[in-house]
Amino acid sequence: MFALVDCNNFYASCERLFRPDLRNKPIAVLSNNDGCAIARSEEAKALGIPMGAPAFKIRHLKARGLITMSCNFPLYADLSNRVMQTLKDESPDVSVYSIDEAFINLNKIKDPLNFGLSLKKTVERNTGISISIGIGPTKTLSKAANRYAKKNNNKTNYVYVIDKNCTHLLNTMDTQDVWGIAQGLGKRLALCNIFTATDLALMKPYKARRIGGVGLERIVRELKGISCLSLDETPSGTKSIMVSRTFGQLQTHFEGLSQSIAMFAARVSEKARSKKREGQYVTIFLRTNKHRKQDRQYHVSLSTSLKHPSADTRDICHAALTLLKKIYKPGFNYNKAGVLLTALTPKEGRQFNLLSQPRIKSDELMDAIDKINFINGKETIRFATSGVHRKWKMKQNNLSPAYTTRWSDLPKALVK
DNA sequence: TCTGGGGTCCTAGGACCC
DNA sequence: TCTGGGGTCCTAGGACCC
């Protein structure tokens, strides 16, 4: 048996935790650049705001009490860690799946329902974050159970255990609500008269493979109750690291792009070092805004191989800027760019190259940079290629304080 | 005017190996 | 006239996840 634990309206709940005045009010948390809604409180959902709604299309709802907030990932990451730590304290087999979700292996648990109910209480007491728990014989079914628990919380109290006979639950589930199926597959399935999760569960696996490859076959088997996805307690480690941003203003000139690419490359290198990994390939991409029909469109990416795996900012920056010179074309309105480092391997057990040695004292230099920036704040020292005047900086007009990760932002309690 | 960021996995095709 | 089989690795692109 698997349990899927999912935090309810996670980002919105985090924003509320230190702002009791926001309880029972419609809140939408916006993506970077305050672009679109990526989380909504129940009250905001009730206003009819769909996931991913552009901010400018929901602005008029402020008149009806909607509060929009910029996203505050340091806060969400810290609260996520607290939730995950509580789960790990309560159960030995936890696999963190995303910032607000984790799977738990329940094979040794005799009474899954009571385990779930008590786990929910503990997490809420320890962290203040409300969670839902779905329990089932496969990961896909536990996801379905979780969805059911949330939708019927007046009956389930946010905890639901699926049993072998779960037709009532799958009957009312569209294919696109099944974990792993989105628009593309959903449309293809509809052409074959497959509309509900029950239709899927009754499919022959070989037929599923023909329509949607090995992924869909797995989904079908999992819905039948045959576990194909294991808990994966020890994931193999990060395989790729990306840093990308939509610009605050459209960029046309090489200089602005090269500054942002250099900064992304520096961030990618820093992230790799913090994970003690090194990457072999550097990819960059540029794109124009697909929503601007009046603009000529250009979406492009290009990769290169480093001489040896590296997490040295100089290596990755140099590779990224060389790539940029190759793909940059003047005359386009670029709105997004990014740098990707792939084929990551652990720094321990690094494979050296007979013909090209790593830079001398690279580790010491990078270490010094990271330490200075850790102690004195981000980008206290940085490479000059990443620019001084940052026109492409992103918008964050309603950013909450870093309540739990910055001394100056600690919440204050007034005692009268 | 204004539409996110960071991941994983799969597939197809090409280059290359013996 | 007629040119194999079985692999791996890499890249690009797409689909999907939260």
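**Entry 1: whole chain**

I started with burial: of the 416 residues in chain A, 46% are buried. Worth noting up front that I'm working with a predicted model here.

Next I looked up the secondary structure, and chain A comes out at 14 helices and 13 strands. I then checked how compact the chain is. Its radius of gyration is 24 Å, close to the 22 Å from the globule rule for 416 residues, so chain A is as compact as a globular protein of that length. I also took the spans of the C-alpha trace along its principal axes, which are about 65 × 60 × 50 Å.

On contacts, I took those in chain A with a separation of 6 or more and found that 68% of them join residues 24 or more positions apart.

For the surface, I got an accessible area of about 22,900 Å² for chain A, with carbon and sulfur atoms holding 53% of that. I counted charges too: chain A carries 66 positive and 35 negative side chains. The centres of those two sets sit 6 Å apart.

**Entry 2: domains**

I pulled up the domain assignment for chain A, which lists domain 1 (9-73), domain 2 (76-223) and domain 3 (240-386). How far apart are the centres of domain 1 and domain 3? Over C-alpha atoms I get 32 Å.

**Entry 3: Thr86**

I went to Thr86, which is part of helix α4 (residues 73-90). Buried or exposed? Thr86 is buried, as its relative accessible area is 5% and the cut-off for buried is under 20%. Setting aside residues up to four places away in sequence, I see Thr86 touching Thr122, Val123, Asn126 and Thr127.

**Entry 4: Gly52**

Gly52 turned up in the loop between α2 (42-46) and α3 (55-58). Its relative accessibility is 35%, so I put Gly52 down as partly exposed. Without its neighbours within four places in sequence, Gly52 is in contact with Cys36 and Ala37.

Since Val123 had come up as a partner of Thr86, I looked up how Gly52 sits relative to Val123. Their C-alpha atoms are separated by 28 Å, and the two residues are 71 apart along the chain.

**Entry 5: Asp295**

I found Asp295 in the loop between β10 (277-288) and β11 (299-310). Despite the loop position, I have Asp295 down as buried, with a relative accessible area of 12%. Which residues does Asp295 touch, not counting those up to four places away in sequence? I get Leu250 and Asn333. I also looked up Gln259: Asp295 is 36 residues from Gln259 in sequence, and their C-alpha atoms are 23 Å apart.

**Entry 6: two asparagines with positive phi**

Last, backbone angles. Most residues other than glycine have a negative phi, so I wrote down two that don't.

- Asn24 has phi near 65°. I located Asn24 in the loop between α1 (10-17) and β2 (27-30). Its relative accessibility is 64%, so Asn24 goes in my notes as exposed.
- Asn157 has a positive phi of about 55°, and it is not a glycine either. I located Asn157 in the loop between α7 (153-156) and β8 (159-161). At 44% relative accessibility, Asn157 counts as partly exposed.

Note on methods. Residues numbered from 1 in each chain as written. Chains lettered and ligands numbered in written order. Predicted model: local features only at pLDDT ≥ 70, side-chain atom pairs only at ≥ 80, totals over all residues. Heavy atoms only, no water. Helix = DSSP H or I, 4+ residues; strand = E, 2+ residues; numbered from the N terminus. Rg over C-alpha atoms; globule rule 2.2 N^0.38 Å. Buried < 20%, exposed > 50% of the residue type's maximum accessible area, 1.4 Å probe, protein only. Contact = heavy atoms within 4.5 Å. Areas by Shrake-Rupley, 256 points an atom, 1.4 Å probe, with all protein chains shown as cover. Lys, Arg positive; Asp, Glu negative; His and termini not counted. Charge placed at Lys NZ, Arg CZ, Asp CG, Glu CD. Domains from an automatic or database assignment.
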